[in-house]
Amino acid sequence: MRRDHPKMLHEQKHRTVVLGERGARVQLAQCVSCHAGAQSHSVVASERDFCRACHDYVAVKLDCFHCHQGTLGTQSAWRSGEGR
């Protein structure tokens, strides 16, 4: 997964954004539902959370969650209309 993760996300983003395909097999909400931390309920809130731990380790900017929800049961600013 570590090797193919960026490629998989890039291909999914292309299918969703460019081709307009919705309801894909891979969605960030599904990732968050399985990988959210037990205490933070987030994939990015704490430096030990799933996404942030790897991204910090390899010094890669984690910007998916400016528009997408990173915490279970919350809406992103974009979805709620605040990010527009």
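1. Let's start with Ala-59, which is exposed, at a relative accessible area of 69%. That puts it above the 50% cut-off for the exposed class. Keep in mind as you read on that this is a predicted model.

2. Where does Ala-59 sit? It belongs to the loop that joins α3 to α4 (77-80). Its backbone deserves a look too: phi of Ala-59 is near 55°, a positive value although the residue is not glycine.

3. His-41 makes a good companion to that point. Its phi is positive as well, near 60°, and again the residue is something other than glycine. You will find His-41 in the loop between α2 (28-35) and α3 (50-57). Is His-41 buried, partly exposed or exposed? With 41% relative accessibility, His-41 is partly exposed, because that class covers values between 20% and 50%.

4. Now for helix α1, which covers residues 5-18. Its 14 residues, at 1.5 Å a residue, should span 20 Å, and the C-alpha atoms at its ends lie 19 Å apart, so the expected and modelled lengths agree. If you try the arithmetic yourself, remember that the rise is multiplied by one less than the number of residues. After α1 comes Gly-20, with a positive phi near 75°.

5. One last item for your surface inspection: Val-17, Val-18 and Leu-19 make a nonpolar patch of about 310 Å². Of these residues, Val-17 lies in helix α1, and its relative accessibility of 62% makes Val-17 exposed.

Notes:
Residues are numbered from 1 along each chain as its sequence is written. This is a predicted model: local features need pLDDT of at least 70, side-chain atom pairs count only at pLDDT 80 or more; totals for chains, interfaces and linings use all residues. Side-chain values use heavy atoms; hydrogens and water are left out. Helices (H or I, at least four residues) and strands (E, at least two) are DSSP runs, numbered from the N terminus. Buried means under 20% relative accessible area, exposed over 50%, partly exposed in between (1.4 Å probe, protein chains only). Patches are made of residues with over 30% relative accessible area and no salt bridge: like charges are joined within 9 Å, nonpolar side chains (Val, Leu, Ile, Met, Phe, Trp, Tyr) within 5 Å. Accessible areas come from the Shrake-Rupley method with a 1.4 Å probe; for residues, only the protein chains shown count as cover. A salt bridge is a side-chain nitrogen of Lys or Arg within 4 Å of a carboxyl oxygen of Asp or Glu.
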